[in-house]
Amino acid sequence: MVGHSLVNLEQKLGGQRNMNYMYILTIWSKNHLKKDTSVFNLAFDNEKEARKAFHNSVLEYGIEYVTVTKEVV
């Protein structure tokens, strides 16, 4: 999921495509609404690997427990 702010940042920088990105995959424990607040953060520098990990995590944990963000590094 790419926020509009990243798109705007690319446009402001003249459409430079040589920016480096890191994809952060966050998985919450299924019991995160209880006292157990386990959170797993995984970092990827390859979009293809991040997408694969996201889809596999959604299959295992459910869409409500998995998010992915794209960060400029």
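In this predicted model, strand 1 and strand 3 run in opposite senses and pair as antiparallel neighbours over 7 bridges. One of the residue pairs that can be traced here joins Tyr-23 to Lys-70, its bridge partner in strand 3. On the other side, strand 1, which covers residues 21–28, pairs with strand 2, again in the antiparallel sense, and this pairing extends over 6 bridges. Within it, Ile-24 has Ala-43 of strand 2 as its bridge partner, and Thr-26 stands opposite Asn-41 in strand 2.

Taken together, the 3 strands make an open sheet in the order 2-1-3, with antiparallel pairing. The edges are formed by strand 2 (39–44) and strand 3 (66–72), each of which pairs on one side only. From one strand to the next, the twist averages 20 degrees. Helix 2, made of residues 47–61, packs on this sheet and touches strand 1, strand 2 and strand 3, while its direction makes about 10 degrees with that of strand 1.

The bridge partners named above can be set side by side.

| Residue | Partner | Strand of the partner |
|---|---|---|
| Tyr-23 | Lys-70 | strand 3 |
| Ile-24 | Ala-43 | strand 2 |

The sheet and the helix belong to a chain with 2 helices and 3 strands, and when the chain is followed from the N terminus, these elements come in the order α-β-β-α-β. Among contacts in the chain with a separation of 6 or more, 56% join residues that are 24 or more positions apart.

Which residues make up the largest nonpolar core? This core has 11 residues, namely Met-19, Tyr-21, Tyr-23, Leu-25, Ile-27, Phe-44, Ala-50, Ala-53, Phe-54, Val-66 and Val-68. Strand 1, helix 2 and strand 3 are the elements that give two or more residues to it, and the largest share, 4 residues, comes from strand 1. As a general background, nonpolar side chains in soluble globular proteins tend to be buried together. Over the whole chain of 73 residues, 26% count as buried.

Tyr-21, one of the residues of this core, also takes part in a contact of another kind, for the charged end of Lys-70 sits over the ring of Tyr-21, 4.1 Å from its centre. Pairs between aromatic rings, by contrast, number 0 in the structure.

Two further residues, Trp-28 and Ser-38, show how parts of the chain that are apart in sequence meet in space. Trp-28 lies in strand 1, and leaving out residues up to four places away in sequence, it touches Ser-38, Val-39, Tyr-65, Val-66 and Thr-67. Although Trp-28 and Tyr-65 are 37 residues apart in sequence, their C-alpha atoms are 5.1 Å apart in space. Is Trp-28 buried or partly exposed? Because its relative accessibility is 27%, Trp-28 counts as partly exposed.

Ser-38, for its part, is placed in the loop between strand 1 and strand 2. Apart from neighbours within four places in sequence, Ser-38 is in contact with Ile-27, Trp-28 and Ser-29. The C-alpha atoms of Ser-38 and Ile-27 are separated by 8.5 Å, with the two residues 11 residues apart along the chain. Ser-38 has a relative accessible area of 28%, and so this residue is partly exposed.

Notes:
Residues numbered from 1 in each chain as written. Predicted model: local features only at pLDDT ≥ 70, side-chain atom pairs only at ≥ 80, totals over all residues. Heavy atoms only, no water. Phe/Tyr/Trp six-rings, centres within 6.5 Å; stacked < 30°, edge-to-face > 60°. Lys NZ or Arg CZ within 6 Å of the ring centre and 35° of its normal. Pairing = 2+ DSSP bridges. Axes fitted to C-alpha atoms, helices over the stretch in contact; angles between N-to-C directions. Contact = heavy atoms within 4.5 Å. Buried < 20%, exposed > 50% of the residue type's maximum accessible area, 1.4 Å probe, protein only. Core = buried A, V, L, I, M, F, W, Y, C linked by side-chain atoms within 4.5 Å.
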